[in-house]
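Here's a small set of exercises to work through with the coordinates open in your viewer. Try each task yourself before reading the solution under it.

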Amino acid sequence: MSVKIQPIRAIRGMNDLLPAQIHEWQYCETMISEVLAQFAYTEIRFPLLDKTELFKRSIGEVTDIIEKEMYTFTDRNGESLSLRPEGTASCVRAGIEHSLFYQGQQRLWYMGPMFRHERPQKGRYRQFHQLGVEAFGIPSVDIDLECLLINQTLFERLKIRNLLNLEINSLGIPEERARYREKLIHYFSQHKEKLDADSLRRLHTNPLRILDSKNPELVAVIANAPILLDELGAESLAHHRELLHYLDAVKISYTVNPRLVRGLDYYRHTVFEWTTTCLGAQNTVSAGGRYDSLVEQLGGQPTPAVGFALGIERLLEVMQTAQTPIFKPSLLVYFICEDTQEAYTQALHLTQVCRQTYPTLPIQLNCGGGKFKAQFKRADKSGAMCAFILGTEELAAKTLTIKFLRDARPQQTIEQNKLINFLGAVYNARAGLGESNGHLHN
Ligand code: HAM
C-alpha cells in the first residue's frame with residue numbers, strides 16, 4: 001500500500017508571490033526605481049544576513065525587534081548571525097566597511113526582503129519587503145525634506161497620495177531626550193498600576209518605548225504624558241520648525257504628532273510616518289527619520305544621516321484600495337505550427353528572427369506539439385493578441401496565416417519574407433500605446 005506524501009507548506013507569515021500578483025509588484029518596483037533615479041539616488045545591495053551584534057548595537061537592545069522578533073541562529077563557525085530585520089544597520093555597516101562616507105554625500109536606496117518574527121496578520125508578515133532610502137553626509141534640513149518629497153512623489157505617481165497622511169515629530173538630541181526620559185519615568189511611576197508588563201519592564205530601561213505601545217488600555221495614560229517637544233532646546237526646535245516651513249512651502253500637508261517616537265533607538269531630530277486609514281491596525285506605510293549618531297556608533301567617522309523605509313506589501317494594499325491602474329505586459333504573438341519536425345523547424349527559425357529584430361516583442365512558440373485545436377486553446381489562454389499559423393499549406397507556399405484573437409479583424413495570409421515588415425507595423429502601433437522598461441502594455 002502506498003503512503004500518501006504530505007506536501008510541505010511555507011513558513012507562516014512568509015508568502016509566495018504568484019504569477020497573478022507579480023505584475024503589480026513589478027509595476028511598483030519600476031515606478032520606485034524611476035522616482036529614485038529622478039532624485040539621483042543609487043542602489044546598494046547588501047546580504048540578507050549580518051552579525052547579530054550589528055542589529056543589537058544599532059536598533060537598540062530594549063526594542064521589540066531585538067527583544068523578540070529577530071531570526072537569529074549560530075552558524076557552523078559558532079558565530080551569532082541574524083536575518084536582517086531592517087536595512088539601515090546593514091547599509092551603514094557596508095558604508096563604513098567600504099569607506100563610502102569618506103567620499104562625500106551619499107544618496108542610497110535598497111529594496112528587498114526583511115525578516116521579523118511578529119504575529120502575522122493583514123499587513124504584517126514575517127518576511128516582508130521594504131524600499132529603504134538613506135542619505136549620508138548632509139546635516140541640514142533640506143535632505144529631511146528631500147526624503148519626504150520622494151515619498152510624496154511616489155505616492156502621487158501611484159495615485160494614492162490622498163490615502164496617506166504624514167505625521168511628523170522631533171526627538172531632539174540625546175541630552176534633551178535624557179531630560180525628557182527622567183520626566184517620563186517620574187510620570188509613569190505615578191501611574192504604575194495602569195501599565196502592562198511590557199511597559200513596566202521598560203519603565204527604567206527605555207521609557208520612550210511606552211509611548212509606542214499598541215496596547216489600547218494604555219491610550220489614556222500615554223495621552224497625558226509629558227511632551228518631548230517641550231524639552232527641545234533652541235537648535236533642535238529650529239531644525240524642526242525649518243522643516244515644517246519647507247513642507248508648507250512645497251504644500252505637503254502634515255500633522256505634528258508629539259507622541260511619535262518610532263520603534264528603533266537610533267533616531268535624532270526629525271522622525272516621520274506616512275499612515276493610512278485603509279489598512280486596519282498596520283497603518284504605517286512608510287517611516288523614518290534622522291540618525292546622525294549611528295555611523296559613529298558603529299565605528300565610522302561622524303556622519304549625519306537621514307532615511308526611511310517603505311513597506312511594499314502595505315503600499316500594494318493601498319494601491320488596491322485606490323484601484324491604481326497597473327500596466328500589465330501581455331503576449332503579442334502565439335506561434336502555432338503543424339506538429340511535424342519540418343514545420344516546427346521553420347516556425348522556430350521565424351520566431352527567432354522576430355525575437356532578434358524586435359528585442360522587446362513578446363512572442364511564444366508553441367511547445368509540446370498537439371493538434372491545431374489544442375494549440376489554439378493554448379493561444380487563447382496565453383492572452384496573445386494574435387496567432388501565427390504555419391500549417392502544411394503555408395509551409396509549402398512559404399506563407400504564414402495571421403489570426404487576430406482579440407478583435408474582429410479578418411484573418412490574413414502573408415508571405416514569410418514580409419513578416420518583419422508586418423510585425424513592425426503591429427509592434428509600433430502597440431508601443432505607441434505605452435511602453436516602459438521593455439514591456440508592451442495593454
Ligand atoms: P520600520 O518602521 O521598522 O523602520 O519599518 C518601516 C516600514 O516597513 C513600516 O512602516 C512598514 O510599512 C514596513 N514593515 C515593518 N514591519 C513589517 C512587517 N512585519 N510586515 C510588513 N511590513 C512591515 C525601519 O525599518 C527603518 N529602517 C526605517 C529607516 C530607514 N529609518 C531610517 N532609515
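The exercises below cover the ligand site, the cysteines, some strands and a few single residues, all in a predicted model.

**Exercise 1. Find which residues come nearest to the ligand, and pick out polar side-chain atoms beside the ligand's own N and O atoms.**

Step 1: Start with the shell. There are 26 residues around the ligand, and those that come nearest are Glu 86, Thr 88, Glu 118, Glu 134 and Tyr 267.

Step 2: Look at the ligand's nitrogen atoms. An N or O atom in the side chain of Glu 118 sits 2.7 Å from a ligand nitrogen. Tyr 267 also has a polar side-chain atom 2.6 Å from a nitrogen atom of the ligand.

Step 3: Now try the oxygen side. Here Arg 262 steps in, with a side-chain N or O atom 2.9 Å from an oxygen atom of the ligand.

Step 4: Check how much of the ligand is covered. On its own, the ligand has 660 Å² of accessible area, and the protein covers 96% of that.

**Exercise 2. Work out which elements give two or more residues to the shell around the ligand, and sort the shell by residue class.**

Step 1: Go through the elements. Those giving two or more residues are β6 (127-136), β10 (284-290) and β11 (305-311).

Step 2: Rank them. The top spot goes to β10, which gives the most, six residues.

Step 3: Sort by class. You should get 10 nonpolar, nine polar and seven charged residues in the shell.

**Exercise 3. Count the disulfides, and explain why Cys 28 isn't in one.**

Step 1: Do the count. The structure has zero disulfides.

Step 2: Find the closest partner. For Cys 28, the closest cysteine sulfur is in Cys 278, and the gap is 14 Å. Run the search from Cys 278 and you land back on Cys 28, again at 14 Å.

Step 3: Compare with the cut-off. A disulfide needs sulfur atoms within 2.5 Å, so 14 Å is too far for a bond.

Step 4: Compare the surroundings. Cys 28 is buried, at 0% relative accessibility, whereas Cys 278 is partly exposed, with a relative accessible area of 22%.

**Exercise 4. Describe how strand β9 (residues 268-276) is enclosed, and name the strands it pairs with.**

Step 1: Check burial. Nine of the nine residues of β9 are buried, so the strand is largely enclosed by the rest of the structure.

Step 2: Take one neighbour. Strand β7 (residues 164-170) pairs with β9 in the antiparallel sense, over seven bridges. Along that pairing, Asn 169 is opposite Val 271 of β9.

Step 3: Take another. β9 and β10 also run antiparallel, joined by six bridges. Val 271 has Gly 289 as its bridge partner in β10.

Step 4: Follow β10 one step further along the chain. Arg 290 makes a side-chain polar contact with the side chain of Asp 144, at 2.8 Å. Asp 144 belongs to helix α5 (residues 141-157), and its relative accessibility of 0% makes Asp 144 buried.

**Exercise 5. Say which way the side chains of strand β12 point, and how the strand pairs with β13.**

Step 1: Recall the pattern. In a regular strand, side chains alternate between the two faces of the sheet.

Step 2: Assign the residues. Val 333, Phe 335 and Cys 337 point one way from β12, while Tyr 334 and Ile 336 point the other way.

Step 3: Add burial. Both sets are buried. With five of the five residues of β12 (residues 333-337) buried, the strand is largely enclosed by the rest of the structure.

Step 4: Find the pairing. β12 runs parallel to strand β13 (residues 363-365), with three bridges between them. Ile 363 is the bridge partner of Val 333 in β13.

**Exercise 6. Place Ala 40 and Lys 159, and decide whether each is buried or exposed.**

Step 1: Check the backbone. Ala 40 has a positive phi of about 60° although it isn't a glycine, and Lys 159 has a positive phi of about 60° too, without being a glycine.

Step 2: Locate them. Ala 40 is in the loop between α1 (19-38) and β1 (42-43). Lys 159 is in the loop between α5 and β7.

Step 3: Read the accessibility. Ala 40 is exposed at 55%, and Lys 159 is exposed at 53%.

Methods
Residues are numbered from 1 along each chain as its sequence is written. This is a predicted model: local features need pLDDT of at least 70, side-chain atom pairs count only at pLDDT 80 or more; totals for chains, interfaces and linings use all residues. Side-chain values use heavy atoms; hydrogens and water are left out. A residue is near a molecule or strand if one of its heavy atoms lies within 4 Å of it. A polar contact is a pair of N or O atoms within 3.5 Å; within protein, one must be able to donate a hydrogen and the other to accept it, and residues adjacent in sequence count only if both atoms are side-chain atoms. Accessible areas come from the Shrake-Rupley method with a 1.4 Å probe; for residues, only the protein chains shown count as cover. Helices (H or I, at least four residues) and strands (E, at least two) are DSSP runs, numbered from the N terminus. Ala, Val, Leu, Ile, Met, Phe, Trp, Tyr, Cys and Pro count as nonpolar, Asp, Glu, Lys and Arg as charged, and the others, Gly among them, as polar. Buried means under 20% relative accessible area, exposed over 50%, partly exposed in between (1.4 Å probe, protein chains only). Two strands pair if DSSP finds at least two bridges between them.
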